[in-house]
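Here is a quick walk through one protein model, from its overall make-up down to a few side-chain pairings. Have the structure open while you read.

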Amino acid sequence: MERQAAKTTLKMRGEVIAELRDKHGNLKQRSVTHNIVTSQGDKFAAAAMYTAAYTGWGMKLGTATTAASKSGAGSYIATADYVSGSAKALDDGTPKAGATNDIVQFRRLWAAGEGTSSNINRVAITDNTTDAGEADETHTFAISVFSSAINKGASDTLAVTWNVTFLGA
């Protein structure tokens, strides 16, 4: 009798919440979007099941409006679209469990003077915090495009909370 291996498909869905605040802490803009976990992100997630895979990870901001995609040009922030100074490590304590055990939450707060641009259209979770050059598709876990551009002034803060839900088979 031949044994058949069980095959399980793990799916992930992400919700990205960006909140722009002025220097007084007043909410100026809020964007809730969904992301695409890239082909490389699938590999990163598999590795994370048994390693400390998120060491050195961060988020980066971009200006392109290219639709998010699993691979190719929409799956990363290109050097020409990178918002200068936006490559920052994930906030301390993240990733962490989200509202339920099947959610992993990533978070980054860009303080006043960090990642300033009048045309922020996308955000990516990457396996590094190097400016621009290492944001290609081989280093991008997930990417999201905002529903409208975020205008982050020099005195504004921008918090991005990224909830990745593991859906199972």
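## A word on burial

A residue counts as buried when its relative accessible area is under 20%, and as exposed when that area is over 50%, with partly exposed in between. With that cut-off, Asp156 is buried, because its relative accessibility is 3%. The model here is a predicted one, and across the protein's 169 residues, 42% count as buried.

## The overall picture

What does the secondary structure come to? One helix and nine strands. Reading from the N terminus, the order of elements is β-β-α-β-β-β-β-β-β-β.

Contacts reach far along the chain: of those with a separation of 6 or more, 74% are between residues 24 or more positions apart. On the outside, the protein exposes about 8,600 Å², and carbon and sulfur atoms supply 49% of that area.

## How far to trust it

The average pLDDT is 82, and 79% of the residues score at least 70. Which elements sit at the two ends of the confidence scale? Helix 1 has the lowest mean pLDDT, at 64, while strand 7 (residues 117-126) has the highest, at 95.

The start of the chain is another matter: residues 1-8 have a pLDDT below 50, and beyond near neighbours in sequence this stretch makes one contact in the model. Where pLDDT is low, the predicted coordinates should not be read in detail.

## Strand 7 and its partners

Strand 7, with the highest mean pLDDT among the elements, is worth a look for its surroundings too. Eight of its 10 residues are buried, so strand 7 is largely enclosed by the rest of the structure.

Which way do its partners run? Strand 3 pairs with strand 7 in the antiparallel sense, over five bridges, and Leu61 stands opposite Val123 of strand 7. Strand 8 also runs antiparallel to strand 7, with seven bridges joining the two. In that pairing, Ser117 faces Lys152 of strand 8.

## An aromatic cluster

Searching the whole structure turns up two aromatic pairs. In one of them, the ring centres of Trp57 and Phe141 are 5.5 Å apart and the planes meet at 55°; the pair counts as tilted because that angle falls between the 30 and 60 degree limits. Trp57 comes from the loop between helix 1 (39-48) and strand 3 (58-62), whereas Phe141 belongs to strand 8 (residues 140-152), so this pair joins parts of the chain 84 residues apart. Both Trp57 and Phe141 are buried.

The other pair is Phe106 with Phe141, also tilted, at 5.9 Å centre to centre and 45° between the planes. Phe106 sits in strand 6 (residues 103-110) and Phe141 in strand 8, with their positions 35 residues apart in the chain. Phe106 is buried, like Phe141. Taken together, the ring pairs link Trp57, Phe106 and Phe141 into a cluster.

## Salt bridges

How many salt bridges does a search of the whole structure find? Seven. One of them brings us back to Asp156: its partner is Lys28, and their closest N and O atoms are 3.0 Å apart. Lys28 is in strand 2 (residues 27-37) and Asp156 in the loop between strand 8 and strand 9 (157-168), 128 residues away in the chain. The two ends differ in their setting: Lys28 is partly exposed at a relative accessible area of 47%, whereas Asp156 is buried at 3%.

Another salt bridge joins Lys88 and Glu114, at 3.7 Å from N to O. Lys88 lies in strand 4 (residues 88-89) and Glu114 in the loop between strand 6 and strand 7, so the pair ties together parts 26 residues apart in sequence. Lys88 is partly exposed, with a relative accessible area of 23%.

Arg107 and Asp91 also meet in a salt bridge, at 2.9 Å from N to O. Arg107 is in strand 6, and Asp91 is in the loop between strand 4 and strand 5 (96-97), 16 residues apart. Arg107 counts as partly exposed at 29% relative accessibility, while Asp91 counts as buried at 17%. Which residues make up the network of salt bridges? Lys88, Asp91, Arg107, Arg108 and Glu114 are linked in it.

Technical notes. Residues numbered from 1 in each chain as written. Predicted model: local features only at pLDDT ≥ 70, side-chain atom pairs only at ≥ 80, totals over all residues. Heavy atoms only, no water. Phe/Tyr/Trp six-rings, centres within 6.5 Å; stacked < 30°, edge-to-face > 60°. Helix = DSSP H or I, 4+ residues; strand = E, 2+ residues; numbered from the N terminus. Buried < 20%, exposed > 50% of the residue type's maximum accessible area, 1.4 Å probe, protein only. pLDDT = per-residue confidence, 0-100. Contact = heavy atoms within 4.5 Å. Pairing = 2+ DSSP bridges. Salt bridge = Lys/Arg side-chain N within 4 Å of Asp/Glu carboxyl O. Areas by Shrake-Rupley, 256 points an atom, 1.4 Å probe, with all protein chains shown as cover.
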